[in-house]
Amino acid sequence: MTAPLLELKGLAKRFGGLVAVNDLSFDVHAGEVVGLLGPNGSGKTTAMNLVSGALPLNAGEVRFQGKTISGLASHQIARLGVARTFQLVRVLGGMNCRDNVAAGLAFRPGGLHGRAAEHAAQLLLERVGLGAQAELAASELTYIDQKRLELARALALAPQLLLLDEWLAGLNPTELQQGIDLIRALQGEGMTILMVEHVMDAVHALCSRCVVMNTGAKIADGATREVLSDPRVIEAYLGS
Ligand code: ADP
């Protein structure tokens, strides 16, 4: 087996007296799509924030491509190839869609600028189904389209690893299927993805493996079908 792309080793995060993440360890291998599951408040978003550098850790280590990334600033981690979307969409509302994506392209290693960035931004917008909206201000987009734009901005970094935080939440059934198809296409291109997701149809459709958290700790890690029938996992969800 090759070395993992991402390694979480004994991560801990406290907010005052609250232990939000407690001795969390798991690996993600290149090409995997791994679901990070658990009831509300179990520490999933905090774990994503520890990986992306949005929050400092109290203990443990995050390794990416064999190198320690915990302790680096979030923009440094992004440049190393870890891109993320947020639970609450964070596009630049006043800017049009093409410029939103071009901003991401300028930031990536060997950044693209000017015409090259505009061209690449248009291709990325088409990739996520927003080709016709390139000139629209991000704030004028519907919710699903803002999510698409955020994904295009993440892809603009040419990441090795994509962190998706409830990217499929709040979509109607048609949009959900489109979202699943889009993530599956990325998966088919070899993208490695770690996704926090509550939509179980999406988890079944996309994730070969799941890690389940409860009250900050990992309670299951394995093949999706087995994990979701694990009595401890069912109990954690029913108890929440
Ligand atoms: P999940 O993503 O699984 O819903 P979170 O990681 O958002 O869980 O939260 C885990 C726990 O940490 C919760 O009890 C939450 O209230 C708490 N928490 C998260 N962020 C903060 C913060 N910035 N300050 C204080 N407590 C927080």
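A crossing of two helices is called right-handed if the near helix is turned clockwise from the far one, and left-handed if the near helix is turned anticlockwise from the far one by less than a right angle. In this sense α3 passes α5 in a right-handed crossing. The structure described here is a predicted model, and the report goes from the packing of the helices to the sheets and then to the surroundings of the ligand.

**Helix packing**

Two packed helices are described by the angle between their axes and the distance between the axes. The two pairs that involve α3 are set out below.

| Helix pair | Angle between axes | Distance between axes | Crossing |
|---|---|---|---|
| α3 (residues 97-107) and α4 (residues 114-127) | roughly 115° | within 8 Å | right-handed |
| α3 and α5 (residues 143-155) | about 30° | 7 Å | right-handed |

For the first pair, the axes of α3 and α4 cross at roughly 115°. That angle makes α3 roughly perpendicular to α4. On the α3 side the contact is made by Cys 97, Arg 98, Val 101, Ala 102, Leu 105 and Ala 106, which meet Ala 117, Glu 118, Ala 120, Ala 121, Gln 122, Leu 124 and Leu 125 in α4. By class, this contact of α3 with α4 is made up of 10 nonpolar residues, one polar residue and two charged residues.

For the second pair, the angle between α3 and α5 is about 30°, and angles under 35 degrees count as roughly parallel. The two helices α3 and α5 are therefore roughly parallel to each other. Here Cys 97, Asn 100, Val 101 and Gly 104 of α3 meet Leu 149, Ala 152 and Arg 153 of α5, and the contact of α3 with α5 divides into four nonpolar, two polar and one charged residues. Cys 97 and Val 101 of α3 thus appear in the contact with α4 and again in the contact with α5.

**The four-stranded sheet**

Four strands form an open sheet in the order β2-β1-β4-β5, and their pairing is antiparallel. The edges are taken by β2 and β5 (67-68), each of which has a single partner strand, so one side of each is left without a neighbour in the sheet. Strand β1 (residues 6-15) is joined to β4 by five bridges in the antiparallel sense, and Glu 7 stands opposite Arg 63 in β4. Strand β4 (residues 59-64) is in turn joined to β5 by two bridges, again antiparallel, with Lys 67 in β5 as the bridge partner of Phe 64. The strands β4 and β5 form a hairpin with two residues between them, and in its turn Gln 65 has a positive phi of about 50°.

**The six-stranded sheet**

Six strands form an open sheet in the order β6-β7-β8-β3-β9-β10, with mixed pairing. Its edge strands are β6 (82-84) and β10 (217-223), each of which pairs on one side only, and neighbouring strands of this sheet are turned by 20° against each other on average, direction ignored. At one edge, β6 runs parallel to strand β7 (residues 161-165) and is joined to it by three bridges, with Ala 83 opposite Leu 162 in β7. At the other edge, β9 and β10 pair in the antiparallel sense over six bridges, and Val 211 stands opposite Asp 221 in β10. These two strands, β9 and β10, also form a hairpin with two residues between them, where Thr 215 in the turn has a positive phi of about 40°.

Helix α1 lies across β3 (33-37), β6, β7, β8 (192-196) and β9 (209-214), and runs at about 150° to β7.

**Around the ligand**

Which residues surround the ligand? They are Phe 15, Leu 18, Ala 20, Gly 38, Asn 40, Gly 41, Ser 42, Gly 43, Lys 44, Thr 45 and Thr 46. By class, the residues of this shell divide into three nonpolar, seven polar and one charged. At least two residues of the shell are supplied by each of β2 (18-28) and α1 (44-52), and α1 gives the most, with three residues. The ligand shell is thus linked to both sheets described above, since β2 supplies residues to the shell and stands at an edge of the four-stranded sheet, while α1 supplies residues to the shell and lies across strands including β3 and β7.

How values were computed:
Residues numbered from 1 in each chain as written. Predicted model: local features only at pLDDT ≥ 70, side-chain atom pairs only at ≥ 80, totals over all residues. Near = placed C-beta within 6 Å. Nonpolar A, V, L, I, M, F, W, Y, C, P; charged D, E, K, R; others polar. Axes fitted to C-alpha atoms, helices over the stretch in contact; angles between N-to-C directions. Parallel < 35°, antiparallel > 145°, perpendicular 65-115°, else oblique. Contact = placed C-beta atoms within 7 Å. Pairing = 2+ DSSP bridges.
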